[in-house]
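Open your viewer and set it to a cartoon view. We will take a short walk, one selection at a time.

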Amino acid sequence: MMSREWFTLPINDELQLVQPEVSMGAEVYNLVAQNRDYLNQFLPWAKQIVAPGIEENFIRSMLMAHIQGTQRLFFIAQNDVIIGAVDLHNINQNVRKAEIGYWLSAHVSGQGIMTTVLQFFNAYAFNTLGLNKLMLQVDVANLASNRVAEKCGYQFIGMHPADFIIRGALRDMNHYALLSPQKS
């Protein structure tokens, strides 16, 4: 396959982190639409992406937040095809900490891709961005994401009951943290 003209950070021979561009909005919208039921199990934003323009506006807002230093989004590509996303949000430059979020298309879940991506992304956050602490919140019922956090060395901080609303129901959330290897 011919390589696309994206700014990427290669993870390995197949996987890359891709700098988002507004022009990717329709492609990402289509991916979310194809995976809406799967994503909506644990990610309430999936039902809100109902048109390519909404995704384009989201990308614009994330690019502005990147400039402001409060968020950082990458799409995940496998062999030049977008299959998900990973981001840093609620970046606190004073304490040098951020929260991580991620998602993958259903057809590539369970293959170890997110573990590989998150290990690379953790190193990027610590070594390139100079962060000290990464935090992750995962629905207790999302067994796959809980396993990813544990495989990537995140420390289980605790379960917070009734901490998030998904599909109108309060959900218990597991909270995890990872300190920079240079700081721990």
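What follows is a tour of a predicted model, with a selection to make at each stop.

**Stop 1: the sheet**

Colour the strands to begin. You are looking at an open sheet of eight strands in the order 1-2-3-4-5-6-8-7, and the pairing is mixed. Now pick out strand 1 (8-10) and strand 7 (155-166), which stand at the edges. Each has a single partner strand, so one side of each has no neighbour in the sheet. Turn the view to follow the twist: on average, neighbouring strands are turned by 30° against each other, direction ignored.

**Stop 2: strands 4 and 5**

Select strand 4 (81-92) and strand 5 (97-104). Strand 4 and strand 5 run antiparallel and are paired over seven bridges. For one of the rungs, show H89 and look across to strand 5, where its bridge partner is E99.

**Stop 3: helix 1 on the sheet**

Next, select residues 25-34, which form helix 1. Helix 1 lies across strand 3, strand 4 and strand 5, at about 100° to strand 4. Which residues of helix 1 are buried? Show G25, V28, Y29, L31 and V32 to see them. These residues cover an arc of only 160° around the axis, which puts them on the same side of helix 1. As a reminder, an α-helix has 3.6 residues a turn, so residues three or four places apart point the same way. The cover over the buried residues of helix 1 includes helix 2, helix 3, strand 3 (72-78), strand 4 and strand 5.

**Stop 4: where two helices cross**

Keep helix 1 on screen and add helix 3 (52-68). The axes of helix 1 and helix 3 come within 8 Å and cross at roughly 115°, and the crossing is right-handed. To see the contact itself, show G25, A26, V28 and Y29 from helix 1 together with P52, E55, E56 and I59 from helix 3. By class, this contact has five nonpolar, one polar and two charged residues. Helix 3 also lies across strand 3 and strand 4, running at about 125° to strand 3.

**Stop 5: a leucine in a loop**

Step back along the chain to L43, in the loop between helix 2 (36-40) and helix 3. Is L43 buried, exposed or partly exposed? Its relative accessible area is 22%, so L43 is partly exposed. Leaving aside residues up to four places away in sequence, L43 touches Y102 and W103. For a distance to try in the viewer, the C-alpha atoms of L43 and G112 are separated by 20 Å.

**Stop 6: helix 5 and its two sides**

Select residues 143-151, which make up helix 5, and show its buried residues S145, N146, V148 and A149. Seen down the axis of helix 5, these fall within an arc of 155°, so they line one face of the helix. They pack against strand 5, helix 4 (113-128), strand 6 (133-139) and strand 8 (169-179). Rotate to the other side of helix 5, where L143, E150 and K151 are exposed. Just after helix 5 comes G153, with a positive phi of about 85°.

**Stop 7: the last hairpin**

Finish with strand 7 and strand 8, which pair in the antiparallel sense over eight bridges. Show Q155, and you will find A177 of strand 8 opposite. The two strands form a hairpin with two residues between them. In that turn, click on R167, which has a positive phi of about 50°.

Conventions
Residues numbered from 1 in each chain as written. Predicted model: local features only at pLDDT ≥ 70, side-chain atom pairs only at ≥ 80, totals over all residues. Heavy atoms only, no water. Helix = DSSP H or I, 4+ residues; strand = E, 2+ residues; numbered from the N terminus. Buried < 20%, exposed > 50% of the residue type's maximum accessible area, 1.4 Å probe, protein only. Contact = heavy atoms within 4.5 Å. Axes fitted to C-alpha atoms, helices over the stretch in contact; angles between N-to-C directions. Left-handed = near helix turned anticlockwise from the far one by under 90°. Nonpolar A, V, L, I, M, F, W, Y, C, P; charged D, E, K, R; others polar. Arc of directions from axis to C-beta. Pairing = 2+ DSSP bridges.
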